Amino acid sequence: MTVNPVGAVRLPGVSHDVCTDLRATSAAALHEQDMSLTEELGNAGERLADAIFPLVPGADAQTRRKLIKLRRAVYQGAGVDVDDSVRAYVAGQAPEVADLLDDYQRLCDRHRNTRSRLEEAFSTGVRDARDRLKKASREPAIAKALAVGSPELSRGVQRWRLSPTVAVRSKASRGIERSILKYLARASLKTSPFSSLTTVAPCLVRAEGPTTRALQGAGTGEAREVTHSQLNVVLLTRVLRAVVSGDALFELPLEVSDAVSRDSDLMRTVQRRVIDNDEVEAERDFDLVEDKLVWFYTSTILQSVLKALAPGTQLTGAELAETLRSEGLGDDDGCRRIVRQLVRLGVVECRLVRLSPYDDPLETLDNRLSPMNTPWAHAVREALLTLRGLRDRFSCADDAERLRILDEVRQTVRDMADGDIDLPKTLIYEDVVHPFSGGDAMVLSTRVRDDLASLRWLFHLLDPAEAHRHLLSAFFDARVPEGGTVEDVAGFLTEFDDDVYREFLAWGASTGTFSGLDYRPRANWLNDSVPPHCDAERLRLRDYIQERAGEEVIDLAGFAPEEHHRCSSFMHARSYTAFIQCPTGDSSEIILNKVHGGAGFSLSRFTGAFDAADPVHTAVAESMGSLNDAEVIWAEVPGSDATSNLNLHRSSFRYGLQLPGGPHLDTAVTPIRLDSLALRRAPTGRPMLWSKSLNRYVVPVYTGYLISRALPELTRLLLLLGDAVSPHLSLWDGVAVPADARGIVRRPAVRHGAVVLARESWSTPVGLWEAGMGREVDLETWARARKLARDLGLPPRAFYTVADGEVPSTRKPVFVDFDSPLSVDAMLNDRNVHQAATLTFHRVMPDPFGDQTEHDAAAVREFVIETHSAMTVSPPQKPADTAWTIRKEDARDTAH
């Protein structure tokens, strides 16, 4: 396994000291004393009560009543005022009991004094923490990020800063306080992938030596941060649709959509286009779309459109309406309505609304409109110029100015669409990056590198797409004879999708997972030998963890995967991107947060944020180019049009696949037409794309950040022939861990050698925390929660997640510091906690609050590194009894 020499480091937006400053340190120390004294008082009271009991019978009636009252108070742990007559009686009868009584009274006085100081320290600590919270909210990174992510909250924060810190506060101010607290914790302790709260810096990665080190270098403050702002592509797409749907439609050139087949596949392709363009609108209009498509399919309108707009032909909306009218399909107004419907359904389209993921959307639109000498085109260009100026001002503006800019953007867009437009919540996105300095930022120990390499079997076992790849491979084996090739790649993949894959997704996509403790095997419609073996391996892994659930730490190094699984052809020639953190200081281990994506993924999302002259582009291109050899080349699949900012990026590859009807490739990329490729078996036994002209295998790669189901259908199918690995590291699925008497389930950390795969966690019933929920925290509530955390063995600081029964929430973990009353208040008033059944706490690891203050900041950084495995290996041996047959009817019968 090799490590890509260029990676990325994600830095927190603010120092984690902001969380430390919100603690009530004095109150926490006094609470420790209070709990210690309470325990000591209870033990002393128990000894005293037992000692008083023998003295009761010998006393007179009045003294007996006082002794009984004294014993009851002592037994209940209450403070006592001892009557002189009782003291004299006790001293006379048993001097040692009198000493116990004196000791108990001194403890009571100490406890009262400590309690009084605790109450004062708590009030002071909460007041000071609120003042510091207001001060922290003025941090430029936080203030600017709020204006981007939540303008309404930003406006509320500006009013909240000016309000006095008082004991009794409004519900709105408490809500703002809790929201700001979450933002601060996220910005300082958890590097969010896309936001102003995280700075991304390219870094060099080396694998050498005995320890893993986060070196001072790129992204550590020597180079100035660069803020890159971009208008929300969804906003631009919606305003363009509004413009096109108006009278301008009849002046614009139209053509048949590339997504529309000219034979029998119209309905499915147009439905997909509508879903890709706007997921929310697709859910609302899906039935209507289907009805209209059936109407078009069974009428002469569609045939007339296909005839008028032959391949390579464009007509303005007015010309197309006139063509339909001349064929007797309606009067002028009726044919114009038909054209509008055709555009709305995606049967015909204007290229104006299709944005490339590789170019600046505003610049692209301006270039397309510049040749159009019409009043509306001039008006749109003028509005786009205004939007570009507002975007450029946004990067360096403070939070107040940003809110004003957003208001101007909102008004400009509404004017462009004549007020009829549904605006997305976020109007402008931004990334904060450091220019590439070439300095080292990450040294990966050779042991960590080797342990990551030895984990490939686990990543493949837990990758949901692996079963999909095996299905495609089995389909290829069933349809293509040994030594044969497929010349029509797109047709073969469409046949695979129609015959098997679509129903596999509908009926078998949830297989290979656990439902509670029950395992649902992978669907194996094609009698492939690998899926059953993967099922057996997953259950073996579950049993291995189950047997060791009571240990302090579980090490998977003792788990030996079966030989057949290790030799699976799909385990070779794989790339994956690891998101890791290093403990403070030099260390031989790492914490693996996530594995997602393959070659070119780590920096692709942020390449557009770097200046064109930044050396990062050359460094990334060289590292991606080094993957190509005499047998294999990597080629980027563009994915889709720029329907989301997550798909905006610059290409890092020399080659790209040009799909029929797909987006145009980056101008710096050498295109490879899909119809020039064939599909054939590689030496590994798996089907791969083959370029006859280049005489090499081609590995398709997608480097955008869109999820798979948001990509066009052909792109999704091609990526099954790719090499990216994205496992779900859910190691505790299906493992039954018994709860203790209080209902607490502790799960130890899981590691594999030097790689920590899962942090230690504690699952607790939400009912344990119900006291104090729904109201502002006071001393009793905070002290109760803090004591409960200590009694349960929780660390003083943790991340928590919620679950409804056995179903974990997909919401991000939230930080809680039990030494901070404000943090405890935010947790107890979290609506997600109120609606959950289980509250799970995860150890903060690495812990930036440790004793090694020199390396605290490094503990929060998250490094993104890419690893690659060799492509060419000897073919695996398939079992002789494997049946490689398929019938379409069998597959569908099995599905139903």
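Biologist: I would like to learn to read strand pairing here; how many bridges join E20 to strand E21, and in which sense do the two run?

Modeller: Three bridges join E20 to strand E21, which covers residues 696-701, and the two strands run antiparallel. Please keep in mind throughout that this is a predicted model. To follow the pairing by eye, start at leucine 689, whose bridge partner in E21 is valine 698. The hairpin made by E20 and E21 has four residues between its strands, and asparagine 695 takes a positive phi there, near 60 degrees.

Biologist: Which strand lies before E20 in a hairpin, and how many residues are between them?

Modeller: That is E19, which forms a hairpin with E20 that has five residues between the strands, and glycine 685 in this turn has a positive phi of about 100 degrees. Strand E19 (residues 677-681) pairs with E20 in the antiparallel sense over five bridges, and leucine 679 has leucine 689 as its bridge partner in E20. Leucine 689 therefore has one bridge partner in E19 and another, valine 698, in E21, with burial counted as under 20% relative accessible area. By that cut-off, five of the five residues of strand E20 (residues 687-691) are buried, so the strand is largely enclosed by the rest of the structure.

Biologist: How should I read strand E30, and how many of its residues are buried?

Modeller: Seven of the seven residues of strand E30 (residues 862-868) are buried, so this strand too is largely enclosed by the rest of the structure. Side-chain direction is worth following as well: Glu862, Val864, Glu866 and His868 point one way from E30, while Phe863, Ile865 and Thr867 point the other way, and all of them are buried.

Biologist: Which strands pair with E30 in the antiparallel sense, E14 being one of them, and over how many bridges?

Modeller: Strand E14 (residues 575-581) pairs with E30 over six bridges, in the antiparallel sense, and isoleucine 580 stands opposite phenylalanine 863 of E30. Strand E2 (residues 6-12) is joined to E30 by three bridges, also running antiparallel, with valine 9 opposite phenylalanine 863. Strand E1 (residues 2-3) is joined to E30 by two bridges, again antiparallel, and here threonine 2 has histidine 868 as its bridge partner.

Biologist: What is the order of the strands in the open sheet of three strands?

Modeller: The order is E6-E5-E7, with antiparallel pairing. The edge strands, each pairing on one side only, are strand E6 (315-316) and strand E7 (348-349). Strand E5 (residues 253-256) is joined to E7 by two antiparallel bridges, and valine 256 has valine 348 as its bridge partner in E7.

Biologist: Turning to aromatic rings, how is a pair of them described?

Modeller: A pair of aromatic rings is described by the distance of the centres and the angle of the planes. A search of the whole structure finds 16 aromatic pairs. One of them joins phenylalanine 122 and tryptophan 782, which are 5.6 Å apart centre to centre with 35 degrees between the planes, and this pair is tilted. The pair links distant parts of the chain, since phenylalanine 122 is in helix H5 (residues 95-137) and tryptophan 782 is in helix H27 (residues 779-791), 660 residues apart. Both residues, phenylalanine 122 and tryptophan 782, are buried. In phenylalanine 496 and tyrosine 501, by contrast, the ring centres are 5.1 Å apart and the planes lie at 20 degrees, so that pair is stacked. Phenylalanine 496 and tyrosine 501 are buried, and ring pairs link them with Phe475, Phe476, Phe492 and Phe504 into a cluster.

Biologist: Where does the charged end of arginine 548 sit?

Modeller: The charged end of arginine 548 sits over the ring of tyrosine 544, at 3.7 Å from the ring's centre. Arginine 402 likewise lies over the face of phenylalanine 394, 4.3 Å from the ring centre.

Biologist: What does 48% relative accessibility make of arginine 106?

Modeller: At 48%, arginine 106 counts as partly exposed. Arginine 106 is found in helix H5, and its side chain is joined to that of aspartate 103 by a polar contact of 2.2 Å. For the protein as a whole, 54% of the 896 residues count as buried, and there are 31 helices and 30 strands.

Notes:
Residues numbered from 1 in each chain as written. Predicted model: local features only at pLDDT ≥ 70, side-chain atom pairs only at ≥ 80, totals over all residues. Heavy atoms only, no water. Phe/Tyr/Trp six-rings, centres within 6.5 Å; stacked < 30°, edge-to-face > 60°. Buried < 20%, exposed > 50% of the residue type's maximum accessible area, 1.4 Å probe, protein only. Lys NZ or Arg CZ within 6 Å of the ring centre and 35° of its normal. Polar contact = N/O pair within 3.5 Å; in protein donor to acceptor, adjacent residues only side chain to side chain. Pairing = 2+ DSSP bridges.
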